[in-house]
Amino acid sequence: MVNDSEKVNIAVRGAARYEKIRQILHDAITSQQVPHGLVLLEGPLATLFGTSRVPVRQALSLLHEQGLITRFEGRGFIAARQNEAVNPQRITLTRSVLGLDQQSELVDTRSTGEKVLQSLQEALATCMVFGHYQLNEASAAGFYNVSRNSIRESLMRLRDKGLVEKEPYAQWLAGPLTAREISDHYEIRASLESAALRKAAPQLSQQQILQNLARLNKLEGKRVTSAELEQIEDDLHLFCLAPVGNRTMMQILRQSQSPLIVTLIFYERLAIPIDDAIISEHRRVYELLLQEKWESAAQALREHLERSHIRTLQKLKVLSILPVPELPPYLVRLS
């Protein structure tokens with residue numbers, strides 16, 4: 001058992017951090033591993049999981065929606081059903097309390113910079129779907145307890161992904177991700193990706209295609225994590241195109257991936273299985289690649305992107321009527 005001052009870092013490889021935290025807390029509560037009435041506060045949980053409060057807040061919110069926990073004195077939650085009479089249990093949260101062992105793969109060995117980058121990316125990706133936001137460097141530095149230079153370096157990297165922008169002597173801005181912007185990105189992708197695949201396809205190894213296909217098939221009919229969805233998207237839309245050898249083209253394509261954010265947020269917020277059409281359309285491209293039908297594979301990729309465009313706009317409409325999720329204090333909504 002760890003002592004009060006010891007940090008326990010939970011890895012998030014293969015799953016979004018908030019989903020990993022949610023699953024661990026869910027299992028601990030439903031298996032009655034934790035005491036009935038256990039008080040769950042963001043701060044101690046963030047320390048335990050070695051993360052910021054953002055994914056902890058998201059995890060607790062989902063558990064509350066499931067009815068597994070209820071709000072407690074306006075400061076946190078308690079492991080009890082709504083209106084259930086229970087004595088609050090204020091005890092130190094440790095691995096043993098949550099039923100965790102000391103497996104090495106659970107340890108998060110990322111640097112502070114990597115953790116901050118991931119947390120900033122999650123926050124920006126979420127906010128830009130729901131409006132136009134301004135990010136304050138000083139506030140973010142204080143929130144993560146790092147220097148402003150560290151925040152600025154992370155934001156520069158995220159700017160290359162199209163998640164944030166900054167004009168000289170101006171604030172960092174994110175969003176809004178509009179229907180027009182999504183359409184523009186898909187127009188770029190449909191033209192460039194199909195052309196890139198025609199050139200790259202003959203250089204792809206059969207082994208790599210089969211590995212991508214195997215990862216894809218494992219996700220059919222299941223609720224996927226953000227990491228899993230990003231992986232299958234990167235497999236087809238970035239890694240299969242990389243052999244094209246055109247660095248400028250690949251940079252443009254990386255900056256045009258922001259519509260994926262809508263899909264990620266959509267499945268996270270609604271907690272539903274991935275659309276079968278995504279799986280079947282990806283599979284069709286891989287099958288044609290395995291048959292060395294390069295032109296047909298490129299056409300199938302273009303058709304997949306055209307259909308994805310329509311589906312993404314539909315998902316954006318659904319998200320527009322959902323409440324804005326709680327965001328970190330360094331993000332201020334402008335409109």
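Begin by selecting Phe 143, Tyr 144 and Tyr 330, which ring pairs link into a cluster; rings of Phe, Tyr and Trp (its six-membered ring) pair if their centres lie within 6.5 Å, and planes under 30 degrees apart count as stacked, over 60 as edge-to-face and the rest as tilted. The model is predicted: local features need pLDDT of at least 70, side-chain atom pairs count only at pLDDT 80 or more, and totals for chains, interfaces and linings use all residues. Residues are numbered from 1 along each chain as its sequence is written, and side-chain values use heavy atoms, with hydrogens and water left out.

A search of the whole structure finds 4 aromatic pairs. Among them, Phe 143 and Tyr 144 meet edge-to-face, 4.9 Å centre to centre with 90° between the planes. Phe 143 is partly exposed at 24% relative accessibility, whereas Tyr 144 is buried at 12% (buried means under 20% relative accessible area, exposed over 50%, partly exposed in between, with a 1.4 Å probe and protein chains only).

Next, select Phe 266 and Tyr 267, an edge-to-face pair at 5.3 Å centre to centre and 85° between the planes. Both residues are buried. Add Lys 315, whose charged end sits over the ring of Phe 266, 5.4 Å from its centre; this requires NZ of Lys or CZ of Arg within 6 Å of the ring centre and within 35 degrees of the ring normal. Lys 166 likewise places its charged end over the ring of Trp 172, 5.8 Å from the centre.
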